Amino acid sequence: MSFTIRLSTLLLLAAVAWPAAATLPADSVIASLQSPAWIERNGEREALEPGVLLQAGDVLRTGPGGRIQAELSEGSLLKLGEEASLATEELVQPVVRAAATPAVSEAESGKAVDSEQPAGIFQATLNVLKGAFRFTTQLVGKQQKRSVDVRFGAVTAGIRGTDIWGKSGPDRHFVVLLEGSIEVTAPGAADPIRLESPLQGVSLTAGASAAETLTFDLPTVQQLAPETELQPGSGVQSRDGRWYVQLASLQQSSDAEQLRAALAQAGYPADVLPVDLDGRRYHRVGLGRLLSAADARAVGEQLTGRFGIEGFWVLRR
């Protein structure tokens with residue numbers, strides 16, 4: 001039992017936006033997150049960290065309090081809430097080619113010159129296995145061609161450019177339109193259902209023979225939306241993060257590596273940094289790329305008392 005949703009585009013809820021002069025990323029990439037979070041690739045599971053490039057076949061997972069935000073190469077944001085999981089079953093990046101040289105220079109015509117332009121269509125199939133998910137097309141990506149299917153259990157959303165919020169749970173799968181228009185092919189409906197107003201949605205309850213069309217009220221959507229948003233000051237890690245929390249300083253490299261591995265298994269991408277102090281070598285274990293001092297302190301507080309960690313130090317790199 002499934003239904004297909006086709007979407008086009010109006011913005012209702014605020015989302016993290018690229019700056020006005022931003023360009024599209026060359027690859028789909030993990031931009032920021034809150035641990036615990038993991039990536040499963042080629043049968044191996046590792047703690048997720050900012051900067052990881054997404055590939056077809058990846059599975060992203062979050063634990064309690066975890067969040068993931070990825071920038072897709074066609075100009076959209078993919079967001080995953082806590083205790084959620086998502087599989088990238090297909091991910092085809094658009095080819096970027098140099099723009100053809102015009103017969104009359106753009107400078108002479110008074111138009112801006114683009115050194116590169118996208119070619120082809122961004123294609124992806126994303127399977128939300130569990131939890132809350134949001135797909136938001138930002139201004140920089142409005143004109144990009146895309147063919148994205150997002151599944152929420154038995155619910156399949158075919159995205160061509162819009163903003164949706166959905167959730168997959170054990171008893172109910174649903175998607176709500178935040179921007180644009182939706183064409184729904186649903187169980188029990190002879191013809192496609194077209195939704196064109198923000199806050200309209202489709203829900204499929206376990207055991208039901210047909211999907212239900214409904215309208216969400218704004219307070220309900222505003223209550224749901226934070227489930228997929230990062231929480232500043234609660235441990236946000238970013239590609240641009242400059243803060244570091246040191247969790248331990250150990251003399252034995254084997255002890256440091258053992259702690260790092262335990263943290264990674266728990267969904268925290270820790271590293272080991274050897275330092276020499278007063279003629280002795282120590283191995284510092286900690287987490288970097290934190291967005292602020294408050295985020296670094298939050299991670300330290302989360303981990304104090306676990307894995308033998310007795311305290312922490314916050315540093316700026």
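Here are some worked exercises on a predicted model of one protein chain.

**Exercise 1. Getting oriented**

How many helices and strands are there in the protein chain, and what percentage of its residues count as buried?

Solution.
- Step 1: The protein chain holds 4 helices and 24 strands.
- Step 2: The protein chain has 317 residues, and 46% of them count as buried.
- Step 3: For the outside, the accessible surface comes to about 15300 Å², and carbon and sulfur atoms account for 49% of that surface.

**Exercise 2. The faces of helix 3**

Find the buried residues of helix 3 and work out where they lie when seen down the axis.

Solution.
- Step 1: Begin with the geometry. Helix 3 has 13 residues and spans 18 Å from its first C-alpha to its last. That is close to the 18 Å expected at 1.5 Å a residue.
- Step 2: Ala256, Leu259, Leu263 and Ala264 are buried in helix 3.
- Step 3: Looking down the axis of helix 3, you will find its buried residues within an arc of 135°, so they line one face of the helix.
- Step 4: Turn to the other side of helix 3, where Gln258 and Gln265 are exposed.
- Step 5: Now ask what the buried residues of helix 3 pack against. Their partners are strand 3 (37-41), strand 4 (44-47), strand 21, strand 22 (271-277), strand 23 and helix 4.
- Step 6: Finish at the end of the helix. Gly267 follows helix 3 and has a positive phi, near 95°.

**Exercise 3. A closer look at Gln258**

Is Gln258 buried or exposed, and how far in space is its C-alpha from that of Phe307?

Solution.
- Step 1: Place the residue: Gln258 belongs to helix 3 (residues 253-265).
- Step 2: The relative accessible area of Gln258 is 57%, so Gln258 is exposed, given that the cut-off is over 50%.
- Step 3: Gln258 and Phe307 are 49 residues apart in sequence, while their C-alpha atoms are 9.9 Å apart in space.

**Exercise 4. Helix 4 and its surroundings**

Which residues of helix 4 are buried, and what do they pack against?

Solution.
- Step 1: In helix 4 (residues 293-303), the buried residues are Ala293, Asp295, Ala296, Ala298, Val299, Gly300 and Leu303.
- Step 2: These buried residues pack against strand 20, strand 21 (243-250), helix 3, strand 23 (280-290) and strand 24 (313-316).
- Step 3: Just after helix 4 comes Gly305, with a positive phi of about 95°.

**Exercise 5. A network around Arg134**

Which residues do salt bridges that share partners join into one network with Arg134?

Solution.
- Step 1: Start with Asp163 and Arg134, whose side chains form a salt bridge at 2.7 Å, N to O. This pair links distant parts of the chain, with Asp163 in strand 14 (residues 163-168) and Arg134 in strand 11 (residues 122-137), 29 residues apart.
- Step 2: Check accessibility. Asp163 has 0% relative accessibility and so counts as buried; Arg134, at 1%, counts as buried.
- Step 3: Add Glu229, whose side chain meets that of Arg134 in a salt bridge of 3.6 Å, N to O. Because Glu229 lies in the loop between helix 2 (218-224) and strand 20 (236-238) and Arg134 in strand 11, the pair ties together parts that are 95 residues apart in sequence.
- Step 4: Glu229 counts as buried because its relative accessibility is 18%, under the 20% cut-off.
- Step 5: Put the pieces together: Lys79, Arg134, Asp163 and Glu229 are joined into one network by salt bridges that share partners.
- Step 6: For the wider picture, the count comes to 12 salt bridges. One of them joins the side chains of Glu40 and Arg45 at 3.5 Å, N to O. Arg45 has 45% relative accessibility, so it counts as partly exposed.

**Exercise 6. Two buried polar residues**

What polar atoms lie by the side chains of Thr88 and Glu71?

Solution.
- Step 1: Thr88 sits in strand 8 (residues 85-92), and its 1% relative accessibility is why it counts as buried.
- Step 2: Leaving aside residues up to four places away in sequence, Thr88 touches Gln55, Ala56, Gly57, Asp58, Thr125 and Leu126.
- Step 3: Thr88 and Thr125 are 37 residues apart in sequence and 6.1 Å apart in space, C-alpha to C-alpha.
- Step 4: A polar atom of the Thr88 side chain lies 2.7 Å from the backbone oxygen of Gln55.
- Step 5: Glu71 is placed in strand 6 (residues 67-71), and at 12% relative accessibility Glu71 counts as buried.
- Step 6: The side chains of Glu71 and Arg239 are joined by a polar contact of 3.0 Å.

Notes: Residues are numbered from 1 along each chain as its sequence is written. This is a predicted model: local features need pLDDT of at least 70, side-chain atom pairs count only at pLDDT 80 or more; totals for chains, interfaces and linings use all residues. Side-chain values use heavy atoms; hydrogens and water are left out. A salt bridge is a side-chain nitrogen of Lys or Arg within 4 Å of a carboxyl oxygen of Asp or Glu. Buried means under 20% relative accessible area, exposed over 50%, partly exposed in between (1.4 Å probe, protein chains only). Helices (H or I, at least four residues) and strands (E, at least two) are DSSP runs, numbered from the N terminus. Contact means heavy atoms within 4.5 Å. A polar contact is a pair of N or O atoms within 3.5 Å; within protein, one must be able to donate a hydrogen and the other to accept it, and residues adjacent in sequence count only if both atoms are side-chain atoms. Accessible areas come from the Shrake-Rupley method with a 1.4 Å probe; for residues, only the protein chains shown count as cover. The expected span of a helix is 1.5 Å times one less than its number of residues. The arc is that of the directions from the helix axis to the C-beta atoms.
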